Amino acid sequence: MALALSALEGLTNQYGSWQREPGHHNYSVRNTAFGTDENGALAIRAIITTTIHLTDANSYTESATIQLFDADGNLIATFCSRTTGTRF
């Protein structure tokens, strides 16, 4: 079965946890979100694994891996992202 992400009714909020990592101002986050099809059945599960480094009091860098799994638990796609942010 091919899954088109556009066919999803929506993703849930992300649920997960974070923890402090070794080093100065380093953290990791692992979240899970679920997507359903038009009938409300589980269609996709996303696991987002993120590392965060607070570079100073007003900015951070982050890198993440996003894994998408079908309803049977098969990995169907992997994405990565990088983010920087500055408080204004």
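Let me start with Ser-59, which lies in strand E5, the strand that runs over residues 59-70, and I should say at once that what we are looking at is a predicted model. Ser-59 has a relative accessibility of 16%, and because buried means under 20%, this serine counts as buried. Its side chain makes two polar contacts that I would like to point out: one is with the side chain of Thr-55, at 2.6 Å, and another is with the side chain of Asp-56, at 2.9 Å. If we leave aside the neighbours within four places in sequence, Ser-59 is in contact with His-53, Leu-54, Gly-85 and Thr-86.

Now to strand E3, residues 26-36, where we find Asn-31. Asn-31 is buried too, its relative accessible area being 14%, and its side chain makes a polar contact with the side chain of Gln-14, at 3.0 Å. Beyond four places in sequence, the residues in contact with Asn-31 include Gln-14 and Tyr-15, as well as Ala-46, Ile-47 and Ile-48.

That brings me to the nonpolar side. The largest nonpolar core has five residues, namely Ile-44, Ala-46, Ile-48, Ala-64 and Leu-68. Strand E4, residues 42-56, and strand E5 each supply at least two residues of this core, with E4 giving the largest share, three residues. In general, nonpolar side chains in soluble globular proteins tend to be buried together.

Which residues does Ala-64 contact, once its neighbours within four places in sequence are left aside? Ala-64 is in contact with Ile-48, Thr-49 and Thr-50, and also with Phe-79, Cys-80 and Ser-81.

Conventions. Residues numbered from 1 in each chain as written. Predicted model: local features only at pLDDT ≥ 70, side-chain atom pairs only at ≥ 80, totals over all residues. Heavy atoms only, no water. Helix = DSSP H or I, 4+ residues; strand = E, 2+ residues; numbered from the N terminus. Buried < 20%, exposed > 50% of the residue type's maximum accessible area, 1.4 Å probe, protein only. Polar contact = N/O pair within 3.5 Å; in protein donor to acceptor, adjacent residues only side chain to side chain. Contact = heavy atoms within 4.5 Å. Core = buried A, V, L, I, M, F, W, Y, C linked by side-chain atoms within 4.5 Å.
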